[in-house]
Structures are given as C-alpha cells and as structure tokens.
Amino acid sequence: MTQGSGGAHRILLLLPLFLQVLNHQCQGSEERAAMRIVLLGKTGAGKSTTGNIILRREAFKSDFSPVSVTSQCEKQSGVVAGRKIDVIDTPGLCDTSATVEEVQSEIENAVLMSVPGPHVFLLVIRLDRFTEEERKTVKSIQENFGAEASNYTIVVFTHRNQLKTKRLKDFIKESESLQKLLDTCGKRYYSIDISDNYSPVGELLEMIEKMVKSNGGQHYTNQMYQDAQRKIKDEEEKKRMEVDRKEKEEKDKLIEELLSKEIRREEQDKLRMERKKIKKVRDGINALGAALTTGAAVVLGPVAVIGGAVMTKVVADYVAPDDTD
Ligand SMILES: Nc1nc2c(ncn2[C@@H]2O[C@H](COP(=O)(O)OP(=O)(O)OP(=O)(O)O)[C@@H](O)[C@H]2O)c(=O)[nH]1
Ligand SMILES: [Mg+2]
C-alpha cells in the first residue's frame with residue numbers, strides 16, 4: 001500500500017475528467033467491452049481466490065496468511081466462455097496493516113482501474129460466522145460505493161465445502177443480517193470453493209450477465225461513486241457539526257452554571273452584608289433604647305421632683321387663703 005493520501009487527492013481531482021473522456025470513448029462500444037468485475041470484501045475472505053476461479057488461472061496471489069496478502073489493487077484480464085473479462089482485485093477492508101486512508105485510496109484505485117465503471121461488484125464473504133466485524137466491513141463497502149451499488153452487487157460465498165451436507169439456503173436462514181444483506185443485493189448470491197478447480201464459473205458469469213441485463217446494460221458509474229463519496233463527506237460534516245454543537249452547548253451550560261453560581265455567591269454576600277448592617281442598626285437601636293430608658297430615669301427624676309414641687313406650690317397657692325386679704 002504505497003499510494004499516499006496526497007496521491008489519492010490528485011487522482012480524485014483528475015478522475016471525473018478522465019472518466020468523462022473514457023466514458024465518451026466507450027459509448028457505443030459497450031457491447032464489445034470486457035465484463036468488468038471488481039472484487040470487494042474483508043481481508044482473507046477469498047477475493048483473490050475468487051478472481052483466480054473466474055479467470056481459471058493463478059492470476060492473483062492468494063495465500064493462507066495471518067496478514068493481508070493483497071496490498072494494492074490489481075487488474076487481470078482473460079477470456080472466459082468467449083467473453084473478455086477484466087477482474088480487479090482489491091486489498092481487503094479491515095486490512096491488518098493499512099490505515100483507513102490507505103484503504104480508501106486503494107478503493108479509489110479500484111474505481112480508476114475499472115473505468116468507465118464496473119459491471120459488477122462481487123462482494124466476497126467467507127462462509128463462516130457473520131460477525132459484527134463482517135457486518136461492519138459490508139456496511140463500509142456499501143457506504144463507500146453508495147446505495148446504488150447494491151444494484152450491481154452479487155454476494156459470493158467462499159469455503160462452500162464447509163457446509164458439508166447443510167444447504168446454503170438453510171445456512172443463510174440462520175442469520176437475519178445475512179438475509180438482510182442478500183435482500184439489499186436483490187437476493188443475488190453464489191457459492192464457490194477452491195476445490196471447484198475453476199470449473200463451475202459459467203453459472204456465476206450467467207448470473208452477472210442477467211444482472212447487467214436487468215440494469216439495462218448499464219454499469220456502475222463514476223457519478224454514482226462521486227455521489228456516494230459526497231454523501232459520506234456530507235454525513236461526516238453533519239456529524240462534525242453535531243459534535244461541535246454539542247461541545248458548544250456543554251461549554252455554554254458550564255459557563256451558565258459558573259455564572260449563576262457566581263451571581264448566587266455575590267447575592268449571598270450582599271444579603272449577608274445587609275443582614276450585618278440591619279443587625280448593627282438593630283443593635284444600635286436597642287442600645288439607644290436601653291440608654292434612653294436609663295437616661296430617662298436620670299433625666300426625668302429631677303424634672304418630676306421639680307414638676308411635683310411646682311404643682312404642689314401652685315395647688316397650695318390656689319387652696320391657701322390669701323394672707324393679704
Ligand atoms: N478451502 C478453501 N480455502 C479457500 C477458499 N477461498 C479462499 N481460500 C483460502 O483462504 C486463504 C485466503 O484467500 P485469499 O484469496 O488470499 O483471500 P483475500 O480475500 O484475497 O485476502 P487478502 O488479499 O489478504 O485481502 C487462502 O489460503 C485461500 O487458499 C475456499 O473456497 N475454500
Ligand atoms: Mg487477496
């Protein structure tokens with residue numbers, strides 16, 4: 001996987017123009033054109049083996065290995081049953097060593113190699129447990145090529161001999177996810193085994209021809225790929241905006257909480273101060289009251305005495321006979 005993401009961007013920029021020119025050149029010659037097959041699937045699923053079975057020769061390197069064997073897209077051609085066939089093998093998704101960007105760049109290479117677009121995607125799945133990882137791989141393929149790609153997809157199950165006496169139909173019936181996947185692909189599926197010794201591929205080619213016919217002879221186009229990629233970017237942008245919005249919402253909430261805490265603290269301080277002031281005034285009043293009560297006795301005492309004496313004198317003067325009379 002040597003293609004860097006910079007190279008991928010350059011390819012992406014030139015791709016529409018390149019495909020337009022090729023599309024134009026290929027118009028009218030579609031009937032004579034080779035059947036373009038792109039192999040997709042998880043690493044180790046048996047993509048290269050499927051390619052070899054179709055081309056009836058060791059066209060692609062295939063190996064029993066703990067690491068990904070095919071690291072770059074590769075195109076091999078041949079004539080099978082009188083029909084020219086181009087097979088594009090791809091590195092597996094969930095590749096053991098490649099980064100998401102590298103795999104993405106290789107997927108773009110696969111589109112480039114199949115110009116003006118593949119007639120069929122063979123989605124290669126190993127007959128085994130259809131686990132979350134398998135589901136994720138399939139989902140990633142579907143997202144990368146868009147919903148329309150399902151009209152151009154046939155599922156190829158490898159390791160058919162694992163079934164032993166079990167019927168493939170019964171195997172599929174056991175997994176709801178598998179059934180759903182096959183429904184999306186118009187219930188088109190085929191099973192192979194390496195021990196088939198490259199023999200029964202005619203049936204698969206017939207299935208492809210039938211599918212191409214039902215698609216009005218059309219192939220998957222670069223426009224569909226570009227639309228799918230735009231959709232992914234839009235989704236990513238939407239997700240990013242949603243994350244930003246949530247982050248901002250949380251930040252705002254935090255600021256609001258801090259602010260209201262601060263305001264509450266200030267209000268409480270103010271209240272405490274007011275209370276202190278009120279207490280001070282009340283204490284002052286109480287002290288004044290007390291002082292007044294004591295002071296009144298002191299002050300009013302002599303006044304009462306004097307007042308009393310004056311009153312006594314006034315009354316005595318009024319009551320007493322006037323000596324002068
Ligand atoms: N018994 C059996 N073995 C198979 C079958 N298909 C593939 N294999 C084996 O599974 C291993 C992996 O197959 P490959 O064709 O290299 O798988 P791949 O999907 O191309 O793997 P990557 O290139 O790493 O993504 C090889 O050892 C194959 O011989 C099958 O139908 N039956
Ligand atoms: Mg391979």
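These legends accompany a set of close-up views of a predicted model.

**View 1. The whole protein chain, for orientation.**
Before zooming in, it helps to know what the protein chain contains: eight helices and six strands. Their order along the sequence is α-β-α-β-β-α-β-α-β-α-α-β-α-α. Of the 325 residues in the protein chain, 26% are buried. Take the contacts between residues at least 6 apart in sequence, and you will find that 77% of them join residues at least 24 apart.

**View 2. The residues around ligand 1.**
Here you can look at the shell of 21 residues that surrounds ligand 1. The closest are Gly 46, Ser 48, Phe 64, Thr 70 and Gly 92. Helix 2, which covers residues 47-55, gives the largest share of this shell, with three residues. Sorted by character, twelve residues of the shell are polar, six are nonpolar and three are charged.

**View 3. Strand 1 and its two partners.**
Strand 1 (residues 35-41) pairs with strand 3 (residues 83-89) in the parallel sense, over four bridges. To find your way along this pair, look for Met 35 opposite Ile 85 and for Ile 37 opposite Val 87. Strand 1 also runs parallel to strand 4, and five bridges join the two. On that side, Leu 40 has Leu 123 of strand 4 as its bridge partner. Strand 1 is largely enclosed by the rest of the structure, because six of its seven residues are buried.

**View 4. The hairpin of strand 2 and strand 3.**
Strand 2 (residues 74-80) runs antiparallel to strand 3, and seven bridges join them. One place to start is Val 79, whose bridge partner in strand 3 is Lys 84. Two residues lie between the strands of this hairpin. Ala 81 sits in that loop, between strand 2 and strand 3. Its phi is near 50°, a positive value in a residue other than glycine. Most residues other than glycine have a negative phi. Ala 81 has 10 C-beta neighbours inside 10 Å, so it counts as exposed.

**View 5. The largest nonpolar core.**
This view gathers the 44 residues of the largest nonpolar core. Ile 37, Phe 121, Leu 122, Leu 123 and Val 155 are the ones with the most contacts inside it. Strand 4 (residues 120-126) supplies the largest share of this core, six residues. In soluble globular proteins, nonpolar side chains tend to be buried together. Center on Phe 121 and, leaving aside residues up to four places away in sequence, you will see that it touches Val 38, Leu 40, Phe 145, Ala 149, Tyr 152 and Thr 153.

**View 6. Helix 3 and the cis peptide bond at Pro 116.**
Helix 3 takes in residues 100-113. At 1.5 Å a residue, its 14 residues should span 20 Å, and the end C-alpha atoms are 20 Å apart, so the two agree. Several residues of helix 3 are buried, including Glu 102, Glu 106, Glu 108 and Asn 109. Val 103, Ile 107 and Val 111 are also among the buried residues of this helix. Move on to the loop between helix 3 and strand 4 and you will come to Pro 116. A cis peptide bond joins Val 115 and Pro 116, with omega about 5°. Most peptide bonds are trans.

**View 7. Thr 43 in its loop.**
Thr 43 belongs to the loop between strand 1 and helix 2. This residue counts as buried because it has 21 C-beta neighbours inside 10 Å. Look across to Pro 66 as well: the two residues are 23 residues apart along the chain, and their C-alpha atoms are separated by 9.8 Å.

**View 8. Lys 187, helix 7 and Gly 216.**
Start at Lys 187, in the loop between helix 6 (176-184) and strand 6 (189-191). Phi of Lys 187 is near 55°, which is positive in a residue other than glycine. Lys 187 counts as exposed, because it has 10 C-beta neighbours inside 10 Å. Then turn to helix 7 (residues 201-214), whose 14 residues reach 20 Å from the first C-alpha to the last. That is close to the 20 Å expected at 1.5 Å a residue. Gly 216 follows helix 7 and has a positive phi, near 65°.

Note on methods: Residues are numbered from 1 along each chain as its sequence is written. Chains are lettered from A and ligands numbered from 1 in the order in which they are written. This is a predicted model: local features need pLDDT of at least 70, side-chain atom pairs count only at pLDDT 80 or more; totals for chains, interfaces and linings use all residues. A residue is near a molecule or strand if its C-beta atom, placed from the backbone, lies within 6 Å of it. Ala, Val, Leu, Ile, Met, Phe, Trp, Tyr, Cys and Pro count as nonpolar, Asp, Glu, Lys and Arg as charged, and the others, Gly among them, as polar. The expected span of a helix is 1.5 Å times one less than its number of residues. A residue is buried if 20 or more other C-beta atoms lie within 10 Å of its own, exposed if 12 or fewer, and partly exposed in between; C-beta atoms are placed from the backbone. A nonpolar core is a set of buried Ala, Val, Leu, Ile, Met, Phe, Trp, Tyr and Cys residues joined through C-beta atoms within 7 Å. Two residues are in contact if their C-beta atoms, placed from the backbone, lie within 7 Å. Two strands pair if DSSP finds at least two bridges between them.
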